[in-house]
Amino acid sequence: FKLIDFPDDADFGDKTVLDVGCGPVSILQRSKHGPSRGIDPLEVSEETLNRYREHGIVFLNIKAEEMPVDQKFDEIWMYNCLQHTQDPHEILRRIVAQTKPGTHVRIFEWIDLGVCDGHPQNLTEDMFLQHFGGPEWEREIWNVGFLRGFGGTITEKYIAIVAVRK
């Protein structure tokens, strides 16, 4: 989270947040924020749904490719998600559609892994440039690097992005 400039106290005030690929345990559940939304297609327990509700988060149990674009958010987060999807470009398109001037999009993804079991997508830096590389974006962080031996992952190469919609 430090690589995508999360505040140490995880305090986003009353900002609205969209967490794409939030899973059963999201940083949203450990941060201060306004009314927010989490998207994840994996089945979760009633206990997990209750935990989301207790934190002011609407949890949509759907694929990110199907997430509604019915509101704009102050913050959009996605971390370690796109390799596990069917259509990363559609997800990035939908993320962009939910931004407004001042929206911070924070992304951390492993890149240049290739296609393998459980990872049907090969993510590249160019893929993200197509969506966040234009003049309507200020790129506060655009970092490609290596986390050597991190958690036994197949890849060590990542992209960390904080893009702000102008």
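Here is a short chat about how a few labels in this predicted model were assigned.

User: What should I keep in mind about the numbers?

Analyst: It's a predicted model, so local features need pLDDT of at least 70 and side-chain atom pairs pLDDT 80 or more, while totals for chains, interfaces and linings use all residues. Residues count from 1 along each chain as its sequence is written, and side-chain values use heavy atoms, with hydrogens and water left out.

User: Why is Arg 94 called buried?

Analyst: Buried means under 20% relative accessible area, with exposed over 50% and partly exposed in between (1.4 Å probe, protein chains only). Arg 94 comes in at 18%, so it counts as buried.

User: What makes the Arg 94 and Glu 90 pair a polar contact?

Analyst: The term needs N or O atoms within 3.5 Å; within protein, one must be able to donate a hydrogen and the other to accept it, and residues adjacent in sequence count only if both atoms are side-chain atoms. These two side chains are joined at 2.7 Å.

User: How do you know that Cys 81 isn't bonded to Cys 22?

Analyst: A disulfide is a pair of cysteine sulfur atoms within 2.5 Å. The Cys 81 sulfur sits 9.1 Å from that of Cys 22, its closest, so that's too far for a bond. The structure holds zero disulfides.

User: Are those two cysteines buried or exposed?

Analyst: Cys 22 is buried, with a relative accessible area of 3%. Cys 81 is at 9%, so that counts as buried as well.
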